[in-house]
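Colleague: I've got some questions about this one before I take it any further. Could you walk me through it?

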Amino acid sequence: MNSQVNIELLKETAEADFLPAVYKAYSQPGLDVLRKILKIIPEVYQVTPPDKHQKKIVIFKALNDSSRPLSEATAKKITDLRELPQCARNGFVLQCCDGFFLLWVSSDGIDVSQLAKESIVYTYELCKEYFFAKDEIKEIRKILLNWPSIFCVPSFSNLTDALEDYRLRRARMSSCLLFVEAWADKSRLFLKNGPESKMRKSLAQFLDDTLRDAEVREEQNTDATHPVDIKVTWNFNRLALIEIKWLGDSKADDGHVTAQYRDARAKEGAQQLADYMDNNKVQAPIHTSLGYLVVIDGRRQGLTPETATINRDAGFFYENKEIEYNPKYHEIRDDFKPPIRMFVEPIYLNDK
Amino acid sequence: MVVPQAFYDCLAICGRLEKSVGNVAHGEFHLFAYLACLLSLYRKKLAADWGYGFSGTREGAPYSMDINTAIDYLILLGLIEEKENYFTLTDKGREEYASLLQFLTHQEREEFIDGACSSSLVLPMGLIREALYQEPELRHVKKLKSSRILLDELQVSLIHEHFAALSNAIGIEVKDLIVPSVVWLKYLFQTREVESHPDEFTSQH
């Protein structure tokens, strides 16, 4: 374990960061204005996620609040950011004033460097973000790679909400850099051989980024022989054990099918998790523990080893086919949450 | 016995974090109090003058018994309230905070608490937590896999070394501690990334 300072990385981080740059441009009043923008950007992204916009998003606040560097006549005055998505569908310019906002519904032709002469300006375009303050321009370094912006990372107080968000935001369309690597083909028909490590990493990373006050650790032993996929610990005495099982067909690099997992696999997972929970009672008796079974469902109808494309009906055949668990541990045990099935969409051909 | 500094810090942390993220989790009181204490070292204050101490848990998280006691007392007095494991100030708590803020000793703590809590405007909570766990003291504790007292003399000198480098890297004297706080947390988070994926990091940057 190295506790030495990595001077090069530290310097690089300080030079790349926008906070010192804003201070250099406008000193303390600049940081005061920046604080206000920093509070508003996540509020904006809650109502209109940045990746919904192909064109530039510009959010700025003038050092002098009464300053209007853009024509006020062409702006819409709003007091509630929830109005924003109805008006601005593809890029916008938002001036943050004390008590209200001025909104220009197009960012076409906007001269950001001109705005930055008396304002602090934030821009977002195609996953690239910048802060401008006078002549200072800083690109925000991506340190959380799976999010279009560091200001749109959600924050969850409980694991169930986080898992539900992962189901919709990440698993459904395989829209995670780690998760996408679990697939053997671009149409998402076959998984790679042994895709569980990618899935585990993807989910653990997501939970690590989004859960408040929780420690997320991959593959923890509940005893010497049974590792659980993910362990989440809160406040030193509450913990969740997450077991991940995947359903679908997997292929090796040479094209032969290595596994075809159906309902029975999910049921095995439920049994396994129930056993983990029993072991855990011995290993961590002072913890309040809950078990979560996550089933990543990549089942497709009628696949053969040669299948390379799929139509919608076959691709979505299992979308609503729930798994009948027997026993239903989530009904008979108080430490077992209802299993969460995450159906993963294929890319299908429109013709049937 | 309730330590007045810990009592005040909990009110101040709760007041600030509920503005930026809505509420405060139990562990976040400890986390931000520890970050605030470290920022006081950045300002060359003595760890012994902070008013209360911290230990590192075997998982590598900062923990203060005095913060724990203060939280319990604040609940008892009705100054903070808990809803599903998250805390917010009550109206009475807000009044108490405003009243305590009149004292110079408390005002002096504000820049550290503000510097620590303002990092939540820039960085997600998960990232702040993971970054701080890379801090030399907490890394050491995690390596030992046993809880121990933080900020002893030897370890403080290591932190001072870090902060001298941080101050040099920023290159300008900034009164507002949000600047060193965020830069340092980003740096710490990246040290974790560098260690986990050294090749990827080199090719990316």
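**Questions on a two-chain model**

Modeller: Sure, and keep in mind that this is a predicted model. A place to begin is Asp208(A), which lies in helix H6 (residues 196–210) of chain A.

Colleague: Is Asp208(A) buried or exposed?

Modeller: The cut-off for buried is under 20% relative accessible area. Asp208(A) comes out at 8%, so this residue counts as buried.

Colleague: Which residues does Asp208(A) touch, leaving aside those up to four places away in sequence?

Modeller: The contacts involve both chains. In chain A there is Val216(A). From chain B come Gly126(B), Arg129(B), Glu130(B) and Arg192(B).

Colleague: And which residues are linked with Asp208(A) in a network of salt bridges?

Modeller: Side chains of opposite charge can pair when their charged atoms come close. Here the chain A members are Asp208(A), Glu215(A) and Arg217(A). The network also takes in residues of chain B, namely Arg129(B), Glu130(B) and Arg192(B).

Colleague: What is the N to O distance between Glu215(A) and Arg217(A), and how covered is each?

Modeller: Glu215(A) is buried, with a relative accessible area of 10%. Arg217(A) is partly exposed at 22%. Their side chains meet in a salt bridge, and the N to O distance is 2.4 Å.

Colleague: How far apart are the C-alpha atoms of Asp208(A) and Lys52(A)?

Modeller: Along the chain, these two residues are 156 residues apart. In space, their C-alpha atoms are separated by 24 Å.

Colleague: Let's stay in chain A. Which parts does the salt bridge between Glu129(A) and Lys142(A) tie together?

Modeller: The closest N and O atoms of Glu129(A) and Lys142(A) are 3.8 Å apart. The two residues are 13 apart in sequence, so the pair ties together strand E6 (residues 128–133) and the loop between strand E7 (136–139) and helix H5 (159–171) of chain A.

Colleague: How do Glu129(A) and Lys142(A) compare with the cut-off for buried?

Modeller: Buried means under 20% relative accessible area. Lys142(A) has 25% and is partly exposed. Glu129(A) counts as buried, at 2%.

Colleague: What separates Arg265(A) and Glu268(A) along their helix?

Modeller: Their side chains meet in a salt bridge at 3.2 Å, N to O. Arg265(A) is buried at 19% relative accessible area, while Glu268(A) counts as partly exposed at 43%. Both are in helix H7 (residues 263–283) of chain A, and because they are 3 residues apart, what separates them is about one helical turn.

Colleague: How many salt bridges does the structure hold over all chains?

Modeller: Counting pairs such as Arg265(A) with Glu268(A), the total over all chains is 48.

Colleague: Where is Glu306(A), and is this residue buried or exposed?

Modeller: Glu306(A) sits in the loop between strand E13 (288–297) and helix H8 (312–315) of chain A. The C-alpha atoms of Glu306(A) and Gly255(A) are 8.4 Å apart, with their positions 51 residues apart along the chain. The cut-off for exposed is over 50%, and Glu306(A), at 65%, is exposed.

Colleague: What separates the centres of the two domains assigned to chain A?

Modeller: The assignment gives domain 1 as 2–139 and domain 2 as 156–343. Taken over C-alpha atoms, their centres are separated by 38 Å.

Colleague: Now chain B. What radius of gyration does this chain have?

Modeller: Chain B contains 10 helices and 6 strands, and its C-alpha trace spans about 55 × 35 × 30 Å along the principal axes. A compact globule of 205 residues would be near 17 Å in radius of gyration, and chain B agrees with that at 17 Å.

Colleague: How much of chain B is made up of buried residues?

Modeller: Chain B exposes about 8500 Å², of which carbon and sulfur atoms supply 53%. Of its 205 residues, the buried share is 60%.

Colleague: Why are the buried residues of helix H4 (residues 91–100) of chain B on the same side?

Modeller: The buried ones are Gly93(B), Tyr97(B) and Leu100(B). They cover an arc of only 70° around the axis, which puts them on the same side of H4(B). Their cover includes helix H1 (4–20), strand E5 (86–89) and helix H5 (104–122) of chain B. As for the face turned away from that buried side, the exposed residues there are Asp91(B) and Glu95(B).

How values were computed. Residues numbered from 1 in each chain as written. Chains lettered and ligands numbered in written order. Predicted model: local features only at pLDDT ≥ 70, side-chain atom pairs only at ≥ 80, totals over all residues. Heavy atoms only, no water. Buried < 20%, exposed > 50% of the residue type's maximum accessible area, 1.4 Å probe, protein only. Helix = DSSP H or I, 4+ residues; strand = E, 2+ residues; numbered from the N terminus. Arc of directions from axis to C-beta. Contact = heavy atoms within 4.5 Å. Domains from an automatic or database assignment. Rg over C-alpha atoms; globule rule 2.2 N^0.38 Å. Areas by Shrake-Rupley, 256 points an atom, 1.4 Å probe, with all protein chains shown as cover. Salt bridge = Lys/Arg side-chain N within 4 Å of Asp/Glu carboxyl O.
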